Amino acid sequence: MKLQKLSERCYAFTGSVNIGYCMKDGKGLLIDSGLDDSAMKKVIKILSNEGLPLDFCVITHAHADHFGGAHFLKKKQGTPLFAPKLEKAIMENSILEPIYLFNGANPINDLRNKFLEGQSVVIDDELKIGENSIGPFTFGAIDLPGHSYGQVGLLVDDVLFAADSYFGRDTLEKHVIPFIIDADQTLDSLEKLLHISCKGAIPGHGDYEENFVRTVQVNIDLHQERINSLLTLINDSKEGISFEKITKDYLNLHKIAVSNVGQWLLFRTSVTAYLTSLERGKLLSFTIRNNELIIQPH
């Protein structure tokens with residue numbers, strides 16, 4: 001983990017998950033809190049060594065790698081926490097993520113881990129879309145759903161902390177099919193990013209770039225290709241294909257070898273998001289045949 005200066009007042013702790021940081025009038029604002037206690041201990045140590053304050057923390061969305069360290073931060077330092085409304089509810093009841101991944105049933109033990117269920121934490125106040133003021137900080141919260149239900153990006157000191165609304169190119173290559181819960185919202189958010197005026201942007205996973213629009217367009221192109229390749233598989237099925245088989249065939253098409261239940265469920269969610277987008281566009285339909293969920297091409 002390294003502390004990178006992005007502007008006069010804004011920084012990022014860079015690593016596998018980026019954590020934003022801004023300073024103003026002797027106060028410090030953290031943006032996200034990393035995966036776990038260890039991540040927060042490193043942040044606190046670096047800030048202490050640099051003589052930098054830490055007074056507030058905003059969390060962009062309720063995925064464990066972005067809020068898992070918040071419980072330790074609040075317990076250790078009493079730092080007030082802020083988050084969007086729906087994301088707040090999930091962080092305060094973090095079993096909800098394994099629940100929704102497991103079709104709403106109580107999740108199996110394999111899903112009760114720090115990567116899918118961050119430690120629950122009480123959020124002190126809700127962020128609203130638009131201008132927010134916390135201590136000396138005034139910043140814009142931009143609605144960027146698609147990867148998560150109520151995810152926001154923060155525009156602070158002309159730097160966009162974009163959360164997981166887009167991914168760096170290395171991350172896209174690594175994950176092949178990014179995690180999303182709504183393909184249409186994801187594409188709408190990406191399109192919104194193309195028109196945000198700022199000095200530069202940093203995603204939750206990837207590098208800070210002043211010319212970030214090119215990377216955003218790579219994300220758009222990837223999602224459109226993923227949707228089109230899924231539609232091709234479905235159209236090739238003629239008589240329809242089961243939900244389980246299309247998931248398997250789609251992962252095989254993209255040379256993805258799943259190693260555990262949690263990983264498979266994350267990919268299944270993204271496949272479902274793409275299928276839902278195609279259903280909205282009347283390019284396929286869902287039906288039941290012989291007690292199986294069938295995807296029927298139009």
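# A walk through the model, patch first

Start by selecting Phe286, Ile288 and Leu293: together they make a nonpolar surface patch of about 270 Å². Keep in mind as you click around that this is a predicted model. Zoom in on Leu293, which lies in strand β15, residues 292–297. Leu293 has 35% relative accessibility and counts as partly exposed.

**From the patch to the core**

Keep Phe286 on screen and add Leu275. Which residues does Leu275 touch, leaving aside its neighbours within four places in sequence? The list is Leu230, Ile234, Phe243, Ile246, Leu284, Phe286 and Ile295. So Phe286 of the surface patch is also one of the contacts of Leu275.

Now colour the largest nonpolar core, a set of 36 residues in which Leu230 and Leu275 have the most contacts. To see where its residues come from, show helices α7 (183–193), α8 (213–236), α9 and α10 as ribbons; each of them supplies at least two residues of the core. There is also a second core, separate from that one, with 25 residues. Val43, Ala62, Phe67 and Val121 are among them, so pick those four to find your way in. As background, nonpolar side chains in soluble globular proteins tend to be buried together.

**Aromatic pairs**

Next, turn on the rings. The whole structure holds six aromatic pairs. Select Phe56 and Phe137: their ring centres are 6.4 Å apart and their planes sit at 85°, which makes the pair edge-to-face because that angle is over 60 degrees. Phe56 is in strand β5 (residues 56–58) and Phe137 in strand β9 (residues 137–143), so this pair ties together parts 81 residues apart in sequence. Are these two rings buried or exposed? Phe56 is buried, at 14% relative accessible area, and Phe137 is buried too, at 3%.

Move on to Tyr250 and Tyr274. Here the ring centres are 6.5 Å apart and the planes meet at 70°, so this is an edge-to-face pair as well. Tyr250 belongs to helix α9 (residues 243–253) and Tyr274 to helix α10 (residues 261–280), so select both helices to see a link between parts 24 residues apart. Tyr250 is buried at 0% relative accessibility, and Tyr274 is buried at 0%.

One more aromatic stop: select Tyr11, Phe13 and Tyr21, which form one cluster.

**Salt bridges**

Switch to the charged side chains. A search of the whole structure turns up nine salt bridges. Pick Lys27 and Asp55, whose side chains meet at 4.0 Å, N to O. This bridge links distant parts of the chain: Lys27 is in strand β4 (residues 27–31), while Asp55 is in the loop between α1 (37–50) and β5, 28 residues apart. Both ends are partly exposed, with Lys27 at 34% relative accessibility and Asp55 at 22%.

For a bridge inside one helix, go to α4 (residues 85–92), where Glu92 and Lys88 lie four residues apart, about one turn of the helix. Their side chains make a salt bridge at 3.3 Å, N to O. Which end is buried and which is partly exposed? Lys88 is buried, at 16% relative accessible area, whereas Glu92 is partly exposed, at 25% relative accessibility.

Then select Arg226 and Glu225, a salt bridge with an N to O distance of 2.3 Å. Arg226 is buried, with a relative accessible area of 12%, and Glu225 is partly exposed at 35% relative accessibility. Now show Asp182, Asp184 and Arg280: salt bridges that share partners join them into one network. In general, side chains of opposite charge can pair when their charged atoms come close.

**Last stop: Pro203**

Finish with Pro203, in the loop between β12 (200–202) and α8. Pro203 counts as buried, at 2% relative accessibility. What surrounds Pro203, leaving aside its neighbours within four places in sequence? Select Asn18, Ala162, Ala163, Tyr166, Phe167 and Gly168; those are its contacts. To end, draw a distance between the C-alpha atoms of Pro203 and Asp65: 13 Å of separation for residues 138 places apart along the chain.

Conventions: Residues are numbered from 1 along each chain as its sequence is written. This is a predicted model: local features need pLDDT of at least 70, side-chain atom pairs count only at pLDDT 80 or more; totals for chains, interfaces and linings use all residues. Side-chain values use heavy atoms; hydrogens and water are left out. Rings of Phe, Tyr and Trp (its six-membered ring) pair if their centres lie within 6.5 Å; planes under 30 degrees apart count as stacked, over 60 as edge-to-face and the rest as tilted. Buried means under 20% relative accessible area, exposed over 50%, partly exposed in between (1.4 Å probe, protein chains only). A nonpolar core is a set of buried Ala, Val, Leu, Ile, Met, Phe, Trp, Tyr and Cys residues joined through side-chain atoms within 4.5 Å. Contact means heavy atoms within 4.5 Å. Patches are made of residues with over 30% relative accessible area and no salt bridge: like charges are joined within 9 Å, nonpolar side chains (Val, Leu, Ile, Met, Phe, Trp, Tyr) within 5 Å. Accessible areas come from the Shrake-Rupley method with a 1.4 Å probe; for residues, only the protein chains shown count as cover.
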